[in-house]
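I opened my notebook to go through this model piece by piece. These are my entries, in the order I looked things up.

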Amino acid sequence: MSQVSDEELNALVDGRLEEPRLSEVLRAIDADPNLSLRAQRYRDQLQGLHALYDGVLREPVPSHLLRLVQDSAPSSPITEIKARRLPASWRAAAALLGVFVVGLAGGWLGHGQLQGERGLLQSAVKQAVLAHQMLELAVADQQDALPAGADTFTVGADANPFEVPLRVPNTAGDSNFVPVAFQSATGAAGPTVQLAYRNAEGKEVTLFVQPHSASRKVPYQASTEDGFDVLFWIDGPLVYVLVGKSGREQLLGLADSFYSAAGLRPASTEAAKP
Amino acid sequence: MSSLQQEIVDLIPQLRRFAMALTRDRTAADDLVQDTLLRALDKSEKFQAGTNLRAWLMTIMRNLFISQIRRYGSRPTLHSLDGESVHGVTQPSQEYSLGLRELEANLTHLPEDQRTTLLLVGLQGLSYEEAAMVTGVAVGTVRSRLSRAREALRQLSALPETPTSGETTIEQINVSGK
């Protein structure tokens, strides 16, 4: 009876042992209870791994991962977003929101230490989460003062610190989030805008917007920051960060509303590492 | 959607399974998949059509995961899998579930190279040659890492017999990666 090496035993368990050696090893295992038990333990390990993790294969793929691939065109050139001047008819709308020019309580959270687009996005996400926490505490019920009727409104020129129009939805997502607070701030990296939305269940999300030095399109990316769900993307010269605790799927629906309100569509994008 | 994009979409479930086994955390796993997809799309011009896309994606994921470990000093595991993530072919007994928990915990005691190799071959169904490509080592090293990983787990684990034990055959074990 030939000796069975460790590697042969593993190859047997992995189904990668071929004849004629396969038959010899099987006979050796039949004749040796210890070897047989060892082989059985290895098989149990394999079966255990599949029992632990194969359930993931049967789950639906999270939609943000699907979109990340479907909406990306890796070989296509970057889509330029044309800046448009704010229509005068929309300027009054933002005034109804109430504008507060404030500094962010936490400063720029190490902004200077972060370099490049990845740093910009990391910084934006941290600021957005902080802004969300602040707005959660400070938000007042201003719904009576908000423009009603229209699907979208454009932040007025007096309130919009960006060079491009900022158009946002009046009702966002399937569960009808409506804007309840608006802030703009100026910091070391430039101006920012924060819009708080709330739905009938009292759930709140914050849209944080800040400029990007280059005009780019980067599809939705999800992360978790300090226990908050975060979805962020770049569209043209602006970085958008959506923060809440309503789950990524709901954030994705809200993000679609913002895309739709902006008159943009998440196509022909260039993927980038955050 | 290009054929490459469709192929990548088709492989997302397998990427999620590998990421889940690496991170043992649902959110961290999907974040790792997301980072992998972003990196792959960003570097897609480097992928040669007709070559092994699955191995290429898993190479990216494995490298990103190792970078995370180096960055954070330890595995970026937040918490263990919850009960819903244990899916046996048959309803597992309590004893078997405990055995699975033990197996999952014992995996974390393995050196990273052994654990990854075991997951690539045993869970993802990669050939030894593919696993060697993903981990950047010789095929012989893959074999020895597998051998050491399994033996270490055997020593560590008291995984009970499976509910269908007794007549379990090698053919019952799914090694195809599906």
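**Entry 1: A:Leu242 and the core**

I began at A:Leu242 and left aside its neighbours within four places in sequence; it is in contact with A:Val205, A:Leu207, A:Leu231, A:Leu251, A:Leu254 and A:Ala255. I keep in mind throughout that this is a predicted model. Next I asked which residues have the most contacts inside the largest nonpolar core. A:Leu242 is on that list, along with A:Phe232, A:Val239, A:Tyr240, A:Val241 and B:Met61. The core has 106 residues, and strand S7 of chain A, residues 228-244, gives the largest share of it with 11 residues. A general reminder to myself: in soluble globular proteins, nonpolar side chains tend to be buried together.

**Entry 2: chain B overall**

I then looked at how chain B is built. I count seven helices and zero strands in its secondary structure, so to speak a plain row of α-α-α-α-α-α-α along the sequence. Of its 178 residues, 44% are buried. Among the contacts in chain B with a separation of 6 or more, 66% are between residues 24 or more positions apart.

**Entry 3: where the chains touch**

How many residues does each chain put into the contact? I find 48 from chain B and 43 from chain A. On the chain B side, the elements that give two or more residues are helix H1 (3-23), H2, helix H4 (94-107), helix H5 (112-123) and helix H7 (139-156). H2(B) gives the most, 10 residues. By class, the chain B side divides into 24 nonpolar, 13 polar and 11 charged residues.

**Entry 4: H2(B)**

Since H2(B) came up, I checked its length. Its 17 residues should span 24 Å at 1.5 Å a residue, and the end C-alpha atoms are 24 Å apart, which agrees. Is H2(B) mostly covered or mostly uncovered? Mostly covered, I noted: 14 of the 17 residues are buried.

**Entry 5: H5(A) against H2(B)**

I moved on to a helix pair that spans both chains. The axes of helix H5 of chain A (residues 63-70) and helix H2 of chain B (residues 26-42) come within 10 Å and cross at roughly 0 degrees. That crossing makes H5(A) roughly parallel to H2(B), as angles under 35 degrees count as roughly parallel. From H5(A) I listed A:Leu65, A:Leu68 and A:Val69; they meet B:Asp30, B:Val33, B:Gln34, B:Leu37, B:Leu38 and B:Leu41 in H2(B). The residues of this contact are seven nonpolar, one polar and one charged.

I also looked up A:Leu66, which lies in helix H5 of chain A. It is partly exposed, with 14 other C-beta atoms within 10 Å. Leaving aside its neighbours within four places in sequence, I have A:Leu66 in contact with A:Val61 and B:Val9.

**Entry 6: H2(A) against H3(A)**

For a pair inside chain A, I took H2(A) and helix H3 of chain A (residues 33-53). They pack at an angle of about 110 degrees, with their axes 5 Å apart. H2(A) is therefore roughly perpendicular to H3(A). The contact is made by A:Ala28, A:Ile29 and A:Asp30 of H2(A) and by A:Leu35, A:Ser36 and A:Ala39 of H3(A). I sorted the residues of this contact by class and got four nonpolar, one polar and one charged.

**Entry 7: two backbone oddments**

I went through the loops next. A cis peptide bond joins A:Glu19 and A:Pro20, with omega about 5 degrees. I placed A:Pro20 in the loop between helix H1 (6-13) and helix H2 (21-31) of chain A.

In chain B I stopped at B:Arg24, which has a positive phi of about 60 degrees although it is not a glycine. Where is B:Arg24? In the loop between H1 and H2 of chain B. I then asked whether to call B:Arg24 buried or exposed. B:Arg24 counts as buried because it has 23 C-beta neighbours inside 10 Å, and the cut-off for buried is 20 or more.

**Entry 8: H7(B)**

My last stop was H7(B). This helix has 18 residues and reaches 26 Å from its first C-alpha to its last, close to the 26 Å expected at 1.5 Å a residue. Which residues of H7(B) are buried? I wrote down B:Val142, B:Arg143, B:Arg145, B:Leu146, B:Ser147, B:Ala149, B:Arg150 and B:Leu153. What covers them includes H1 and H3 of chain A, together with H4, H5 and helix H6 (128-135) of chain B.

Methods: Residues are numbered from 1 along each chain as its sequence is written. Chains are lettered from A and ligands numbered from 1 in the order in which they are written. This is a predicted model: local features need pLDDT of at least 70, side-chain atom pairs count only at pLDDT 80 or more; totals for chains, interfaces and linings use all residues. Axes are lines fitted to C-alpha atoms, for helices over the stretch in contact, and angles run from 0 to 180 degrees between N-to-C directions. Helices (H or I, at least four residues) and strands (E, at least two) are DSSP runs, numbered from the N terminus. Angles under 35 degrees count as roughly parallel, over 145 as roughly antiparallel, 65 to 115 as roughly perpendicular and the rest as oblique. Two residues are in contact if their C-beta atoms, placed from the backbone, lie within 7 Å. Ala, Val, Leu, Ile, Met, Phe, Trp, Tyr, Cys and Pro count as nonpolar, Asp, Glu, Lys and Arg as charged, and the others, Gly among them, as polar. A residue is buried if 20 or more other C-beta atoms lie within 10 Å of its own, exposed if 12 or fewer, and partly exposed in between; C-beta atoms are placed from the backbone. A nonpolar core is a set of buried Ala, Val, Leu, Ile, Met, Phe, Trp, Tyr and Cys residues joined through C-beta atoms within 7 Å. The expected span of a helix is 1.5 Å times one less than its number of residues.
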